[in-house]
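Work through the exercises below with the sequence and the model open. Try each task before you read its solution.

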Amino acid sequence: MALVKRNVQITDKIAGQSIQAPQLGMPAVQWRNGYGVPSDGQDTNSKNKPARLLTRNAKEIIIYFSRSGSTELLAAKIAKITGADVLEIVVDKPYPGNYRQTLSRANFERQTESYPELKMAVPNLDQYECVYLGFPIWAMTLAHPMTAFLFDYGNQLKQKQIIPFMSEGGYGQGNSVQQISQILRQRGVKADIFPRPLVIDGNKVDRADYQIERWLKSLN
Ligand SMILES: Cc1cc2nc3c(=O)[nH]c(=O)nc-3n(C[C@H](O)[C@H](O)[C@H](O)COP(=O)(O)O)c2cc1C
């Protein structure tokens with residue numbers, strides 16, 4: 001599919017690095033609810049190192065996965081306003097750049113409940129009171145790398161405030177928040193999950209500043 005789109009200049013950075021998000025600016029007729037959006041196959045940008053900004057005194061951290069950059073841009077905007085630390089979720093075998101191949105791998109993983117191996121060092125999260133969890137919606141629920149993160153590291157979220165945000169293809173949040181809650185509950189982890197996540201269409205994340213600010217204010 002030829003990607004016809006308006007030229008969108010992304011000035012936001014994440015952990016000092018530039019962001020690529022190919023669905024930004026695509027009009028609805030080409031965007032087709034995110035169907036067909038490629039990535040460079042490196043979750044999120046082959047030119048970047050995995051985003052990681054960890055400071056000694058921060059009380060908030062944004063932990064996110066993004067395949068094609070839209071959720072990453074949301075994470076960058078939230079980080080800019082809140083000053084939160086940043087940690088990108090990285091899978092051992094990145095999803096393919098080709099959308100259909102990604103979809104078929106994701107379908108297989110879902111049917112077999114075989115979620116991806118992660119390849120990242122997760123710091124001790126004790127210092128954080130609040131954890132923003134960012135992910136794209138896949139098949140009306142969490143993208144699998146976030147599921148894998150919660151399976152592997154959910155016990156580190158004990159007693160914290162969890163604030164979900166996501167980009168999606170226009171079909172909304174699905175059962176993603178319930179899914180976070182269920183995975184943590186199954187692990188015996190009590191956390192305070194904010195029930196009104198930020199939900200933004202993947203092709204409009206660059207124009208969501210007002211919504212993001214309003215949503216952040218609603219957390220207080
Ligand atoms: C495997 C896969 C499944 C998806 N399933 C859905 C879905 O069920 N509902 C939806 O609204 N969007 C769906 N999308 C679209 C993405 O949620 C959307 O493009 C999102 O903005 C991508 O975020 P990212 O650029 O951070 O990876 C899907 C995308 C992929 C790759």
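The model is predicted.

**Exercise 1. Find which residues F149 touches, leaving out residues up to four places away in sequence.**

Solution. Start at F149 and set aside its sequence neighbours up to four places away; the contacts that remain are I63, I89, L118, V122 and G154.

Next, place F149 in its surroundings. F149 is among the residues of the largest nonpolar core that touch the most other members, together with I63, I89, L133, M146, L150 and I180. This core has 35 residues. Two or more of them come from each of strand 2 (60-64), strand 4 (130-138), helix 4 (144-153), strand 6 (161-168) and helix 5 (176-186). Strand 4 gives the largest share, five residues.

Finally, look for a core apart from this one. Another core has 28 residues, including I62, A75, A79 and I212.

**Exercise 2. Decide whether helix 2 (70-82) is largely enclosed, and say why.**

Solution. First, check the length of helix 2. Its 13 residues reach 19 Å from the first C-alpha to the last, close to the expected 18 Å.

Second, list the buried residues, taking buried as under 20% relative accessible area. In helix 2 these are S70, T71, E72, L73, L74, A75, A76, K77, I78 and A79.

Third, draw the conclusion. Helix 2 is largely enclosed by the rest of the structure because ten of its 13 residues are buried.

Fourth, name the partners. The buried residues of helix 2 pack against strand 2, strand 3 (85-88), strand 4, strand 6, strand 8 (198-201) and helix 6 (209-218).

Last, look just past the end. G83 follows helix 2 and has a positive phi, near 70°.

**Exercise 3. Describe the largest pocket and the second largest pocket by volume and lining.**

Solution. Begin with the largest pocket, whose volume is about 560 Å³. It is lined by 30 residues, and N33, G34, Y99, I137 and W138 are the closest to its centre. At least two lining residues come from each of helix 2, helix 3 (99-112), strand 4 and strand 6. Helix 3 gives the most, six residues. Sorted by type, the lining has twelve nonpolar, 15 polar and three charged residues.

Then turn to the second largest pocket, with a volume of about 190 Å³. Its lining holds 18 residues, and Q42, D43, T44, N48 and P50 lie nearest the centre. Sorted by type, this lining has six nonpolar, six polar and six charged residues.

Key: Residues are numbered from 1 along each chain as its sequence is written. This is a predicted model: local features need pLDDT of at least 70, side-chain atom pairs count only at pLDDT 80 or more; totals for chains, interfaces and linings use all residues. Side-chain values use heavy atoms; hydrogens and water are left out. A nonpolar core is a set of buried Ala, Val, Leu, Ile, Met, Phe, Trp, Tyr and Cys residues joined through side-chain atoms within 4.5 Å. Buried means under 20% relative accessible area, exposed over 50%, partly exposed in between (1.4 Å probe, protein chains only). Helices (H or I, at least four residues) and strands (E, at least two) are DSSP runs, numbered from the N terminus. Contact means heavy atoms within 4.5 Å. On a 1 Å grid over the protein atoms alone, a cavity is a set of points where a 1.4 Å probe fits but cannot get out, and a pocket is an open set with protein on both sides within 12 Å along at least five of seven lines; lining residues have an atom within 4 Å of a point. Grid points are joined across faces, edges and corners, and a volume is the space filled by probe spheres set on the points. Ala, Val, Leu, Ile, Met, Phe, Trp, Tyr, Cys and Pro count as nonpolar, Asp, Glu, Lys and Arg as charged, and the others, Gly among them, as polar. The expected span of a helix is 1.5 Å times one less than its number of residues.
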